[in-house]
Amino acid sequence: MTQEDTHRTEEEYEIRGNVTLPQLQEIEQEFFDLVANGTIAEVELYLRVHPDFKINATNYQGITALHIAIEEKNICMVKFLLSHPEIDPGDAHLYAIRENETKIAAMILDKLNEISPGLEYASVTHSSDFPDEATPLAIAAQYGHYELIQYLIEHRLHRIQRPHPPNCNCLSVCKREREIYDSLTVDRKRIFLYRAISNPAYICLTEEDPILASFNLSVELKMAASYDREFYNEYIQLSEQLSKFATDLIGCARKAQEVETVLKRTSGFTRTSRFIYPRLLIALDYKQKTFVAHPNVQEMIENKWVDGWYEWRMRKTWLQCLTVLLRIILLPLIALIILIIPNTKIAKFFSSPVNKFLHSVASYLVFLIIVFIISNADKNKQLRGPPDTGFEPILAIFVISYLWSIIRLIIMHGPRRYFRAPWNWYETCMIFLFVLTFICWIDAAIDVRINGQRDLERKYWHKYDPTLIGEGIYCLATIMAFFRLMFLCQLNYHLGPLQLSLGKMIRDVTKFIVIFAIVLLAFTSVVSVLRRHGHRKRHRRMDLWSNRGWQNESLPSSPIRAITRSFSSKVYVDFMLMTTLPPPFNIIPTFAGFQTVAEYVKVLLKPPPNKRARWDFMQCCYIETLEDEKDEIFDQVMMQLVQRYFRMKSREIEKTNIEKLRRELIEVRGLLREALEAA
């Protein structure tokens, strides 16, 4: 092609308004074919014959001869091309890294350092394949090339700068970037870096505790998604991938001892708790539902829940209910055993989590019976003042014990974690209503003592009489107390998912009612000035529309099973952390109850080198571990889990490749059959 033809072609492009892309001339296409199929001697001869040949020529895709040599995995050809004095590697090193060619990538990186020291660490610009912020380690991390990542980190000292969250506005990085670059560039760079550091291969090579690192990064990505709504799907997808990685790791465990070693890991858990599985608490706090719902984790929780009492699982439902009723009678005796001989075998049996649950249910049934008796007392014969059924003091003891249980859990978990659970809010409100009832009863008793009129007929009572107010509040508290039985239904394998689905439906219906109320208010404000007939006609249309809207309303799908298991695990954890004695016996001081307080006071008065006693409003009193304790057993277990994980992924890739090859062979066989039939 002559120079005149080239100018004519460019003019035609300008006239047609097409996008002008680089086009290979005939001599350049010949060179590309030689690099792909020829030998080094042929390529060397070709360059000697054409001394003015542009070795950095690109096609319409931005591909050079060096890229073709990398694609052919021809190390000798790559080495020869890099020896050319005019060679420009461009983004070829990133291309080699993407193709997982470690030796070729190392050769190109060395060439970049020869051109300019430190150039191998710089990002590329104007690449057709990679963004401007792409670096060798970032590309290797995104594609999960384990050996390449290890080579770049250990031998070439490459690093990835961790991105700042979207809501960060620090002066040193974020504010300066927003002043220099546009918002899209900044957001795209952040997502690109998050994709790199979220890869399992990079996490395993840079973190001692990949599971904890995945949890932390997953939460960070969810927060980024809630702030940067334009890229919500990208952040959520990365967060789900991290959760799946942590779940797959724990799924690679083959023995209960391995799972227990992971769940007992204390790193990342700053609070002091006597709970045996701190990592489970972290997973629940970070809402890692798939991790908690994994069969390996659930098996450990179930075993800890029954604590050797496997016969409980084998009992039928009616027999389990009968056990609860028998515990109502045996509760005083069980409390006496635990208080007097706490270290005996029978006392330890009654201290297991499932027995704590049975004690709690039995105690709560007694509480409901007392509430029912007081609420069904004959109000026609009641005098002014508090009720006098005789069960009020027992009810007061129960309420005080439940209130103490709430305070204890708040101290142990901290207000943030305790009030994160909706049922804790529910129970707190219920107990608060009972406390208000007692206050009204006390006020009524004082009013009767001061003003008399105890025998005054009910129809003459003041509308704000404390006795009437107490009755109303007590009715609400009674309703909430009986509705709390639904809390136990969520633990059932069949009723739990149904109740969660109903709860989700109620939330969606509530949203619909709010939107419909806004629409109704808007229409009402306009049509109020119109005629009555027109108002009725519009109202009927609105009703029709609302019915159609309800018929088209659909419930969004959700992983109900994982949510149910996660909820059940939270309940199990709460009962494991509860005192052995249920209300009202939990108000009796025990040695175990003072252990946590004694430990906190000991660290406060004489702090060891690696621990400090802390306090803040959201976490209350807790002991902070200043440095992670070295756990060789955990390191060995984690190494085995990581090895099994990558081997599992390798088998999946091999299986995919075999299936792909099988499909290709079938297609080739079909083509051959057609060719033979045509011949």
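Start with the secondary structure of the whole chain, which in this predicted model comes to 32 helices and two strands. With the entire chain still selected, colour it by burial, and keep in mind that buried residues make up 40% of its 679 residues. If you switch on a surface display, the accessible surface of the chain comes to about 40,200 Å², and carbon and sulfur atoms account for 59% of that area. A contact map of the chain would add a further point: among contacts with a separation of 6 or more, 70% join residues that lie 24 or more positions apart.

Next, go to a pair of helices, and select residues 422–451, which form helix H25, together with residues 466–483, which form helix H26. The axes of H25 and H26 are 8 Å apart, and the two helices pack at an angle of about 155°. Because angles over 145 degrees count as roughly antiparallel, H25 is described as roughly antiparallel to H26. As you turn the view so that one helix lies in front of the other, look for the left-handed crossing in which H25 passes H26. Showing the side chains at this contact of H25 with H26 brings up 19 nonpolar residues, along with four polar residues and one charged residue.

From there, move to the loop between helix H6 (92–98) and helix H7 (102–115), and select Asn 100, which has its place in that loop. Although Asn 100 is not a glycine, its phi is positive, at about 60°. Is Asn 100 buried or partly exposed? With a relative accessible area of 38%, Asn 100 is partly exposed.

The following stop is Leu 157, which you will find in the loop between helix H9 (146–154) and helix H10 (174–180). Here too the backbone is worth displaying, since Leu 157 has a positive phi of about 60° without being a glycine. Where the surface is shown, Leu 157 counts as exposed, and its relative accessible area is 56%.

Finally, select the loop between helix H30 (560–577) and helix H31 (591–605), where Pro 584 is found. Which form does the peptide bond from Pro 583 to Pro 584 take, cis or trans? If you display the backbone atoms of both residues, you can follow the peptide bond from Pro 583 to Pro 584, which is cis, with omega near 0°.

Methods. Residues numbered from 1 in each chain as written. Predicted model: local features only at pLDDT ≥ 70, side-chain atom pairs only at ≥ 80, totals over all residues. Heavy atoms only, no water. Axes fitted to C-alpha atoms, helices over the stretch in contact; angles between N-to-C directions. Helix = DSSP H or I, 4+ residues; strand = E, 2+ residues; numbered from the N terminus. Parallel < 35°, antiparallel > 145°, perpendicular 65-115°, else oblique. Left-handed = near helix turned anticlockwise from the far one by under 90°. Nonpolar A, V, L, I, M, F, W, Y, C, P; charged D, E, K, R; others polar. Buried < 20%, exposed > 50% of the residue type's maximum accessible area, 1.4 Å probe, protein only. Contact = heavy atoms within 4.5 Å. Areas by Shrake-Rupley, 256 points an atom, 1.4 Å probe, with all protein chains shown as cover.
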